[in-house]
Amino acid sequence: MSVVIFKRFRMERSLRSLSATPELPPGYFWVPWDSSVASHHAEVHYRAFCRELDAQLFPSFSDYFGCRALIENISSSPYFLPQATWLIACATECCASVQCSSFVPGQGTIQNVGVVPEHRGKGLGRALVLQALHSFRQLGLERAVLEVTAENTPALELYRSLGFRTVRTLYRTPSY
Ligand SMILES: CC(C)(COP(=O)(O)OP(=O)(O)OC[C@H]1O[C@@H](n2cnc3c(N)ncnc32)[C@H](O)[C@@H]1OP(=O)(O)O)[C@@H](O)C(=O)NCCC(=O)NCCS
């Protein structure tokens, strides 16, 4: 039996200097976290990740109910940061989402940045990450961290362009 191993990068950046959160494109708006939007986070997460590389590493990403359970787990954790967890919506649907937590004092973790395919390439991914970084700073945090699959070029380029640098290389097997 062969085991697939995924190379991942842990990336970090300081929160000392941040560029302004970009304006969202016309027609898009921010939706802050409250428990009533949990199912929207799950739906966006499912649509953003179900056909992507990360769904091979995290099989629950390719199942809507798996995504609901994931959002439930994240948001019920004592480490969850509701103030740094955001949706972007437009008139017809929710389009992008990020969830954040703080597992280590002074440090914010960006957990899942996802933009549904129909809304990519418009700056929503960049806006989500910057919004999370600004939220971290408002909460008094000093550093932001995340993990990304090495072959996920769009995400890696996004994070690099926002000042994240690789601090560690990790090797992970699919988690069921
Ligand atoms: C990664 C993702 C969030 C980017 O969202 P997006 O809204 O399309 O990104 P943006 O339009 O804000 O682009 C911001 C930057 O990301 C990078 N980028 C985005 N798409 C890219 C692509 N196809 N190839 C290379 N770089 C890309 C570029 O640096 C881009 O900056 P530029 O427009 O100045 O070139 C989106 O592709 C996605 O949801 N992917 C699936 C889920 C996923 O893998 N999330 C990351 C988990 S770690």
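**Notebook: a seven-stranded sheet and a ligand shell**

I began with E1 and E6, which run antiparallel and are joined by 7 bridges. I looked up one pair in this ladder: methionine 11 has leucine 146 in E6 as its bridge partner. I note here that the model is predicted.

**Entry: the other side of E1**

Next I turned to E7. Strand E1, residues 6–14, pairs with E7 in the antiparallel sense, again over 7 bridges. I picked phenylalanine 9 and found threonine 169 opposite it in E7.

**Entry: E5 and E6**

In which sense do E5 and E6 run? They run parallel, and 3 bridges join them. I checked glutamine 107: its bridge partner in E6 is arginine 143. I then followed the connection. E5, H4 and E6 make a β-α-β unit, and the unit is right-handed.

**Entry: E4 and its two neighbours**

I took E4 and E5 next. They run antiparallel, with 7 bridges between them. They form a hairpin with 2 residues in between. I looked at glycine 106 in that turn and noted a positive phi of about 85°.

On to E3 and E4. These pair in the antiparallel sense over 4 bridges. A hairpin links them too, this one through 4 residues.

Which residues does alanine 96 of E4 face across the two ladders? Isoleucine 88 stands opposite alanine 96. In E5, the bridge partner of alanine 96 is valine 115.

**Entry: the whole sheet**

I put the strands in order. The open sheet has 7 strands, arranged E2-E3-E4-E5-E6-E1-E7, and its pairing is mixed. Which strands lie at the edges? They are strand E2 (29–32) and strand E7 (165–172), each pairing on one side only. I noted the twist as well: from one strand to the next it averages 25°.

I then looked at what packs on the sheet. Helix H4, residues 124–138, does so. I listed the strands that H4 touches: E3 (86–89), E4 (94–104), E5 (107–115) and E6 (143–149). The direction of H4 makes about 160° with that of E5.

**Entry: the ligand**

How many residues surround the ligand? I found 22. The closest are Arg120, Gly125, Arg126, Pro154 and Leu158. I asked which elements give two or more residues to this shell, and found helix H1 (38–49), E5, H4 and helix H5 (153–161). H5 supplies the largest share, 6 residues. So E5 and H4, two parts of the β-α-β unit, also contribute to the shell.

I sorted the shell by residue class. It holds 9 nonpolar, 7 polar and 6 charged residues.

**Entry: the chain overall**

I closed with the whole chain. It has 5 helices and 7 strands. From the N terminus on, I read the elements as β-β-α-α-α-β-β-β-α-β-α-β.

For overall dimensions, I noted that the C-alpha atoms fill a box of roughly 50 × 35 × 35 Å along the principal axes. Why does the radius of gyration agree with a compact globule? With 176 residues, such a globule would have a radius near 16 Å, and the chain has 15 Å.

How values were computed
Residues numbered from 1 in each chain as written. Predicted model: local features only at pLDDT ≥ 70, side-chain atom pairs only at ≥ 80, totals over all residues. Pairing = 2+ DSSP bridges. Axes fitted to C-alpha atoms, helices over the stretch in contact; angles between N-to-C directions. Contact = placed C-beta atoms within 7 Å. Right-handed = clockwise from strand over helix to strand, strands pointing away. Near = placed C-beta within 6 Å. Nonpolar A, V, L, I, M, F, W, Y, C, P; charged D, E, K, R; others polar. Rg over C-alpha atoms; globule rule 2.2 N^0.38 Å.
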